[in-house]
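User: Could you walk me through this model and tell me what the terms in its description rest on? I would like to set each value against its definition.

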Amino acid sequence: MKVTVVGSGAVGATCADNIARREICHELVLLDIKEGLAEGKAQDMMQTATLLGFDTRITGSTSDYSKTKGSDVVIITSGIPRKPGMTREELIGTNAGIVKGVCENILTYSPDAIIVVISNPMDTMTHLALQSTGIPKNRIIGMGGILDSSRFKYQLSQRLNCSPADLNAIVVGGHGDTTMIPLIRLATWNSIPVTHFLDTETQKQVVADTMVGGATLTKLIGTSAWYAPGAAGAALAEAILRDEKKLFTCCVALDGEYGQKDICLGVPVIIGRNGWEKIVECDLNAEEKELFAKSADAVRSMNDVLKTL
Ligand SMILES: NC(=O)c1ccc[n+]([C@@H]2O[C@H](COP(=O)([O-])OP(=O)(O)OC[C@H]3O[C@@H](n4cnc5c(N)ncnc54)[C@H](O)[C@@H]3O)[C@@H](O)[C@H]2O)c1
């Protein structure tokens with residue numbers, strides 16, 4: 001098994017570090033356009049192999065895609081992150097060109113790869129990857145919902161004073177401060193609805209805090225977060241390569257599911273060796289359906305910006 005991570009910045013390197021430690025693949029390639037960055041980080045990570053006890057072979061490459069040849073999974077994290085006060089959507093102008101170029105290069109050497117898109121604005125970058133490559137839709141997966149769902153569980157665990165591992169909760173819709181939909185009605189604490197324990201005001205606060213989870217960290221750190229995004233990318237790669245059939249919320253191409261077409265949006269999907277293998281439709285109530293439609297409208301207008309670039 002071989003994985004390539006394109007972009008060796010904060011998210012890419014953290015994702016690679018998680019993949020190496022978990023021995024998800026035998027060969028792991030880090031790539032970046034910044035001279036020496038990927039090679040340096042790859043060496044640094046390899047020097048933890050005996051300390052952490054893993055046997056993943058990590059190499060780095062400055063823009064030489066021949067090193068990525070035969071990758072089973074390619075994770076795209078290249079592009080600029082947001083700064084405090086910025087929305088993910090403001091990154092589109094720069095990141096669209098980067099993601100399109102990276103996809104072309106990747107497929108030259110790994111025509112059968114499953115592509116995981118992390119670069120923001122992720123829903124639109126996933127749509128762009130699908131449109132520009134024309135590869136089967138099940139092989140393009142946007143990573144956002146796994147992270148947002150994890151942040152949702154964190155917020156719930158803080159209010160419930162419980163272990164996040166005991167929680168089941170998902171975020172669907174777009175991966176944006178105003179487009180994501182934390183489904184609190186369906187969230188459970190070991191099968192018991194969390195709504196049983198939290199009053200309406202607290203529920204609203206949990207949802208609001210989840211939606212600005214990324215922006216809150218950007219304000220605190222001064223740039224976009226990387227530990228949870230990197231771990232989420234690695235969890236997705238693991239589910240693919242180990243054919244886990246995990247149910248994750250991922251950004252995938254919809255063809256009538258959840259009432260939407262010609263758009264990539266976050267919905268629950270089964271992840272396995274073929275990429276995303278099945279969309280799971282859950283019964284949204286009228287309010288959630290309306291939020292989902294609004295989220296789709298916002299993402300669609302962001303996708304339209306691609307036509308002007
Ligand atoms: N989907 C999510 O949940 C999620 C979460 C966090 C961050 N992000 C996004 O991930 C992206 C990366 O964030 P980061 O914090 O790692 O940024 P970063 O600046 O630390 O790293 C980005 C790296 O990409 C490299 N790069 C730029 N153009 C490239 C190209 N053409 N080819 C190869 N490498 C190139 C840069 O040299 C840099 O090292 C951003 O767009 C950010 O918004 C997404």
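Analyst: Happy to. On a 1 Å grid over the protein atoms alone, a pocket is an open set of points with protein on both sides within 12 Å along at least five of seven lines, whereas a cavity is a set where a 1.4 Å probe fits but cannot get out; lining residues have an atom within 4 Å of a point. A molecule sits in either one if more than half of its atoms lie within 2 Å of its grid points. By that rule, the space taken by the ligand is the largest pocket. This is a predicted model, in which local features need pLDDT of at least 70 and side-chain atom pairs pLDDT 80 or more, while totals for chains, interfaces and linings use all residues. Residues are numbered from 1 along each chain as its sequence is written, and side-chain values use heavy atoms, without hydrogens and water.

User: What is the volume of the largest pocket, and which residues are closest to its centre?

Analyst: The volume is about 740 Å³, counted as the space filled by probe spheres on grid points joined across faces, edges and corners. The lining holds 38 residues, and Thr77, Ser78, Gly79, Ile80 and Pro81 come closest to the centre. H1, strand S2 (27–32), H4, H6 and helix H8 (213–221) each give two or more residues to this lining. These are DSSP runs numbered from the N terminus: H or I over at least four residues for helices, E over at least two for strands.

User: What makes a residue part of the shell around the ligand?

Analyst: One of its heavy atoms must lie within 4 Å of the ligand. The shell has 26 residues, with Val11, Asp32, Ile80, Ile118 and Met143 the closest. It divides into 15 nonpolar, 10 polar and one charged. Here Ala, Val, Leu, Ile, Met, Phe, Trp, Tyr, Cys and Pro count as nonpolar, Asp, Glu, Lys and Arg as charged, and the others, Gly among them, as polar.

User: Why do Asp32, Ala10 and Ile33 count as polar contacts of the ligand?

Analyst: A polar contact is a pair of N or O atoms within 3.5 Å. An N or O atom in the Asp32 side chain is 2.6 Å from a ligand oxygen, and a backbone N or O atom of Ala10 is 2.9 Å from a ligand oxygen. A polar backbone atom of Ile33 is 3.5 Å from a ligand nitrogen, so this pair also meets the limit. The protein covers 86% of the 860 Å² of accessible area that the ligand has on its own, by the Shrake-Rupley method with a 1.4 Å probe. Helix H1 (10–21) and helix H4 (92–109) each give two or more residues to the shell.

User: How many cavities of 30 Å³ or more are there?

Analyst: There is one. Its volume is about 50 Å³. Among its 13 lining residues, Gly144, Gly145, Asp148, Gly173 and Gly174 are closest to the centre. The lining divides into five nonpolar, seven polar and one charged.

User: Where is the cis peptide bond?

Analyst: The cis bond joins Asn120 and Pro121, with omega about -5°. Pro121 lies in the loop between strand S5 (114–117) and helix H5 (122–133).

Conventions
A polar contact is a pair of N or O atoms within 3.5 Å; within protein, one must be able to donate a hydrogen and the other to accept it, and residues adjacent in sequence count only if both atoms are side-chain atoms.
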